[in-house]
Amino acid sequence: MNAKTLMYILKRIALAVLTVWVVITVTFFVMRAVPGGPFMGEKAITEAALEALEAKYGMDKPLMTQYVTYLKDIVTRLDFGPSLKLRGRMVVDVIADGMKTSAKLGLVAAACALSIGVVLGAVAALQRNKIVDKVIMVFTTAFVSMPSFIMGSLLLIAFAVTWPIFPANGETAKGLVLPVVTLALYPMAYTTRLTRSSMLDVLGQDFIRTAKAKGVSAPKIIFGHALKNALIPVITYCGPMLAYIVTGSLVVEQIFAIPGIGRAFVSSITGRDYPMIMGTTIVLAVLIVVMNLVSDILYKLVDPRITLE
């Protein structure tokens, strides 16, 4: 690794830290600006009880004092504090439990989206303007245009209610099939279209024509030259794709009742569980910036001609 690449990585890390700090700051103060509070629930609560709860969780202190204390706990101890609704549980423990399911769901969906998308995109490019290409483009256009919550609802009705092939919840391995399909369809369709357009561009390059003129075999031209170069844009999409899957899982986990970080995040919003909202927001923000950073570094490793600035 040369000095220029190292400087680029350090700059990106510094920018990532700044981004996470902005997310923490904005989320913290916006939550506190919303009328109401985590203890103003369905049950009537006396003024004395409210003051006691606020004192217990440090919410009776000035806002800036709470903010500084929260930042200090995160930096020094990675402590997001206790959950205000799940009494007796720490936020970091709830997030860790949820991430076990969410990470498994996201990684499987990402692997399926990339593998199927690259294959379909290559097939569509090699069969340009033929019936196979047109069928693939029609389906990928439909999947790109349809939001994940609509696709999830349709799959749930079709394969869990009308034809009860899969469970309606994601608490078992079989029950994760529909959520994985829901999360994978959009990135798979986008990867297909991206691979197709990139591969068509590569197939028209001079070095491909030269390889054909020299008598290089068709499989070597396709897999050794065309597909390898066509995957560069796909690699840059990996970061945003993983970010989409992570954020998209928030809704999908609600639809399929999956005990992941998404369901905990949505429940914390409806219950105004401030520490849980902050903890999940920070974790998701860190995942997104790290995914994009890794994507940029892989982009450089795959194509050394690219200059990082």
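Is L78 buried or exposed? L78 is exposed, with a relative accessible area of 54%, where exposed means over 50%, buried under 20% and partly exposed in between (1.4 Å probe, protein chains only). This is a predicted model, in which local features need pLDDT of at least 70 and side-chain atom pairs count only at pLDDT 80 or more, while totals for chains, interfaces and linings use all residues. Residues are numbered from 1 along each chain as its sequence is written, and side-chain values use heavy atoms, leaving out hydrogens and water.

Let us begin with the whole chain. Its secondary structure comes to eleven helices and zero strands; both are DSSP runs numbered from the N terminus, helices being H or I with at least four residues and strands being E with at least two. Along its principal axes, the C-alpha trace spans about 85 × 60 × 30 Å. Of the 309 residues, 42% count as buried. Among contacts (heavy atoms within 4.5 Å) between residues at least 6 apart in sequence, 73% join residues at least 24 apart. The accessible surface comes to about 16,600 Å², and 69% of it belongs to carbon and sulfur atoms; such areas come from the Shrake-Rupley method with a 1.4 Å probe, and for residues only the protein chains shown count as cover.

Now step inside. A nonpolar core is a set of buried Ala, Val, Leu, Ile, Met, Phe, Trp, Tyr and Cys residues joined through side-chain atoms within 4.5 Å. The largest one here has 36 residues, and L105, A109, L183, M199, M241, I245 and F256 touch the most other members. Helix 4 (91–126), helix 6 (148–162), helix 7 (177–203), helix 8 (206–213) and helix 9 (218–255) each supply at least two residues of this core. A second, separate core of 28 residues includes A16, M31, Y274 and I277.

Which residues does F256 touch? Not counting residues up to four places away in sequence, F256 touches G152, L156, A168, N169, G170, L178, P179 and T182. Two of these names, G152 and L156, come up again in helix 6, whose buried residues are S148, M151, G152, L155, L156, A158 and A160. The 15 residues of helix 6 should span 21 Å at 1.5 Å a residue, and its end C-alpha atoms are 20 Å apart, which agrees; the expected span is 1.5 Å times one less than the number of residues.

Helix 11 (residues 274–302) is the place of T281. At 16% relative accessibility, T281 counts as buried. Leaving aside residues up to four places away in sequence, T281 touches V23, T27 and F265.

On the outside, L15, L18, W21, V22, V26, V30 and V34 form a nonpolar surface patch with about 600 Å² of accessible area together. Patches are made of residues with over 30% relative accessible area and no salt bridge, with like charges joined within 9 Å and nonpolar side chains (Val, Leu, Ile, Met, Phe, Trp, Tyr) within 5 Å. One member of the patch, W21, lies in helix 1 (residues 3–33) and counts as partly exposed at 41% relative accessibility.

Charged side chains add another layer to the picture. Side chains of opposite charge can pair when their charged atoms come close. A salt bridge is a side-chain nitrogen of Lys or Arg within 4 Å of a carboxyl oxygen of Asp or Glu, and the count comes to five. D73 and R77 meet in one of them, at 2.9 Å from N to O. Being four residues apart in helix 3 (residues 63–77), D73 and R77 are separated by about one helical turn. R77 also meets D79, at 3.4 Å from N to O, so D73, R77 and D79 are linked in a network of salt bridges. R77 is exposed at 53% relative accessible area, whereas D79 counts as buried at 15%.Helix 4 holds another pair: D97 forms a salt bridge with K100, the closest N and O atoms being 4.0 Å apart. D97 and K100 lie three residues apart, about one turn of the helix. D97 is partly exposed at 36%, and K100 is exposed at 61%.

We can now return to L78, which is found in the loop between helix 3 and helix 4. L78 has a positive phi of about 50° although it is not a glycine. N129 likewise has a positive phi, near 65°, in a residue other than glycine. N129 lies in the loop between helix 4 and helix 5 (131–145) and counts as exposed at 54% relative accessibility.
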